[in-house]
Amino acid sequence: MKKPILGAFQNRNGSGHMLGPLQKIHLPMRRFSESEEVDYVIVGCGAAGGVLLQRLARSGFRVLALEAGPFWDTEHDWVSDESGSHQLYWEDSRVTGGKNPLALGANNCGRGVGGGSVHWAAFTPRFHPSDFEIYTRDGVGVDWPISYEILRPYYEQLELEMPVAGPAYYPWGHPHGYAYGPHPMGGVGNALIKGCSALNIPVSIGGPVAILSGSHGDRPHCIYRGFCLQGCKVGAKASTLVTHVPDALESGAEIRDLSMASRIELGKNGRVAGVHYFDENCAPHYQRAKAVIIAGYSIETPRLLLNSACPGFENGLANSSGTVGRYLMAQAGTVVLGRFDQPVRMYKAPPAHALTEEFYETNPKNDFARGFAIQTVAPLPIAFGKQMVAAKKAWGWGLRREMMDYNYWATFGLLGEILPWADNRVTLAGETDRFGLPVAHVTFNLHDNDKKLIEGAKEKTMEVMHAAGAAEVIQEARYAHLVGAARMGSDPASSVVDKFGRTHDIPNLFVCDGSILPTQGSANPGLTIQALAARTADYLISQGEAVFTSDRRDMSEPPLRVKLAPPGTYGAGAPRLK
Ligand SMILES: Cc1cc2nc3c(=O)[nH]c(=O)nc-3n(C[C@H](O)[C@H](O)[C@H](O)COP(=O)(O)OP(=O)(O)OC[C@H]3O[C@@H](n4cnc5c(N)ncnc54)[C@H](O)[C@@H]3O)c2cc1C
Ligand code: SF4
């Protein structure tokens, strides 16, 4: 990986760590010594880890995040250019296999402070109430150990903290509205509106998306240049790097960047005692902690648990159920491209700005359970070129010809629910990385329901593109968004963590990231992952010292702590329909 030019708090003149042209971290960061026993070590400072860190620091815990990637100084380390953004992704070696192997790397994991929220498109729909009980309703997958109503206040809170822009009335799932107004449409959004309207399909315009439609605190509004997946150098798109990390540091947290956790240490009395990690020069270190929270996402979290096997947990730490690594999910993410007679200029807007969830729920007329969403996507030229190679087998002069027409194409993506299957899993490969740690081996197979759903969703998305007036319509099969592989549940025999993210096996070891999702719906998962993180934080704060000293599990819901929100977020924005 390319090293950042300056790194955390080592800027040229010491006048502030830049998170955008206006947003700065002025203060020095607290540093704990390795010999100190901190309250919490969080492994991974991404979408979930950033929210947890902020909450725990604000409520007075001594908390440290170990982050494998760099602490970005966005003014120096980032460029508004597609080819200069590869450093944002987790591109270390991994082995991929199964009948339908997943493409890994840029398509799924982030690396560096902010994690995947740095390069996400920032679509932020909520999961529907049905997503929490698909086994009860549809006889497939599994029910969650919590309901939509439990997570609902956290959705409402995180939508203000990012904040999310969207329509005043959002009709699907549990209908609600947004406190910040929607974005104006770009060319792809217009195409989706046109196609949906021609077929009488309702469509949501201008959000929900965690991008500023007006300036907010020390962050400026979106300038519609379309470099969202490159990190948003402007600072208009939400990532925990700009939304939660500044307040976490102000509240006394430490983020130790370029620190790769390699093993969780099991200490006395069946409790974890700290985390082993490597610095950027591959030198080994050990940080003591009263409790550990893993927030490394759906591949690195199970990999770390499996790499932490020890006497008593020979098959991987907290893996008495044998489910660590299993029930990994990706969403179907087939892209449908349409060529129009007039220029679309799809890059002149955030890729995420319009969608329909009209086909989200199970429809008894279909030959599959569950459903899908259709969303705008707007690949920049390199990604578009790859799609032309895959979808049209374009090459040489033919590819050049297609690229010359880039401005005439629009792209929609379907987002389809693939069910949780035990054989879709993360295991350890024979290969090792530069630290000598076995890398992840990811196996992925589509099952019957998944294949039928993808086929039905693809046909509908192509129909919408035709209805929008595209002269030529092509498609490329893809997957998006990983979740699962350390799932939560009430039964310790079939899940890794309980409903608060505490591992069933070890009372002071938690998991808090996308890996704990039992199912995934067809909504983008980031908002749900952060809402769960805020709830886990409320639980930990309620439990106080008991997490460090007691093996008793209090399963009562914690009170919602709105006062822990980053300053200037809670209660701001227009009154909205909740
Ligand atoms: C191109 C793209 C577009 C996307 N668009 C959207 C979208 O529009 N909406 C949406 O909701 N979601 C989107 N996502 C998905 C979203 O980014 C992820 O679901 C989300 O970031 C996962 O959050 P997390 O906290 O579980 O993990 P992450 O945010 O990935 O954080 C994990 C962190 O842990 C660190 N880490 C891992 N292992 C270790 C270790 N051993 N030691 C130290 N650190 C470690 C990583 O470096 C990383 O920073 C998109 C993803 C991609 C790839
Ligand atoms: S389009 Fe808006 S959100 Fe996306 S990178 Fe540009 S300024 Fe940021």
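# Cavities, pockets and ligands: how do we know?

Q: How do the residues lining the second largest cavity divide into nonpolar, polar and charged?
A: There are six nonpolar residues, three polar ones and no charged ones. This is a predicted model, and the lining consists of Leu102, Ala103, Asn107, Asn108, Ala330, Tyr479, Ala480, His481 and Leu482. Asn and His are on neither the nonpolar nor the charged list, so Asn107, Asn108 and His481 count as polar.

Q: Which element gives the largest share of the lining of the second largest cavity?
A: Strand β19, residues 479–483, does so with four residues. Tyr479, Ala480, His481 and Leu482 are in the lining, and their numbers fall within the range of that strand.

Q: How many cavities of 30 Å³ or more does the structure hold?
A: It holds three. The second largest has a volume of about 40 Å³, while the largest contains about 150 Å³ of space.

Q: What makes a space a cavity or a pocket?
A: The test is whether the probe can get out: in a cavity a 1.4 Å probe fits but cannot leave, whereas a pocket is open. Rolling a probe the size of a water molecule over the atoms shows where empty space is left.

Q: What lines the largest cavity?
A: The lining has 16 residues, and Arg225, Gly226, Phe227, Cys232 and Val234 lie nearest the centre. By class, ten of the lining residues are nonpolar, three polar and three charged.

Q: Why is ligand 2 said to sit in the largest cavity?
A: To sit in a cavity, a molecule must have more than half of its atoms within 2 Å of the cavity's grid points. Ligand 2 is placed in the largest cavity, so it passes that test.

Q: Which residues surround ligand 2?
A: They are Ile211, Cys222, Ile223, Tyr224, Arg225, Gly226, Phe227, Cys228, Cys232, Val234 and Lys237. Each has a heavy atom within 4 Å of the ligand. Eight of this shell are nonpolar, one is polar and two are charged. Arg and Lys count as charged, so Arg225 and Lys237 make up the charged pair.

Q: How do you know that ligand 1 has polar contacts with the backbone?
A: A polar contact needs two N or O atoms within 3.5 Å of each other. A nitrogen atom of ligand 1 is 3.0 Å from a polar backbone atom of Ala68. Likewise, 2.9 Å separates a nitrogen atom of ligand 1 from a backbone N or O atom of Ala121. For Gly526, a backbone N or O atom is 2.6 Å from an oxygen atom of the ligand. These three distances fall under the limit, so they count as polar contacts.

Q: How much of ligand 1 does the protein bury?
A: Alone, ligand 1 exposes 1000 Å², and the protein buries 96% of that. The ligand is surrounded by 38 residues, the closest being Ala48, Glu67, Phe123, Gly514 and Gly526. This shell divides into 18 nonpolar, 16 polar and four charged residues. At least two residues come from each of α1 (47–58), β8 (260–266), α8 (297–307) and α12 (526–543).

Q: What is known about the second largest pocket?
A: Its volume is about 430 Å³. Of the 21 lining residues, Gln23, Asp218, Val242, Pro246 and Pro567 are closest to the centre. The largest share, three residues, comes from α7. Eight of the lining residues are nonpolar, seven polar and six charged.

Q: Where are the cis peptide bonds at Pro163 and Pro208 found?
A: One joins Met162 and Pro163, with omega about -20 degrees, and Pro163 is in the loop between α4 (148–161) and α5 (187–198). Another runs from Gly207 to Pro208, with omega near 10 degrees; Pro208 is in the loop between β6 (204–205) and α6.

Q: What makes Asn200 worth pointing out?
A: Phi of Asn200 is near 60 degrees, a positive value in a residue other than glycine. Asn200 lies in the loop between α5 and β6. Most residues other than glycine have a negative phi, and most peptide bonds are trans.

Technical notes. Residues numbered from 1 in each chain as written. Chains lettered and ligands numbered in written order. Predicted model: local features only at pLDDT ≥ 70, side-chain atom pairs only at ≥ 80, totals over all residues. Heavy atoms only, no water. 1 Å grid on protein atoms, 1.4 Å probe; cavity = no way out; pocket = protein on both sides within 12 Å on 5 of 7 lines; lining within 4 Å. Points joined across faces, edges and corners; volume = space filled by probe spheres on them. Polar contact = N/O pair within 3.5 Å; in protein donor to acceptor, adjacent residues only side chain to side chain. Areas by Shrake-Rupley, 256 points an atom, 1.4 Å probe, with all protein chains shown as cover.
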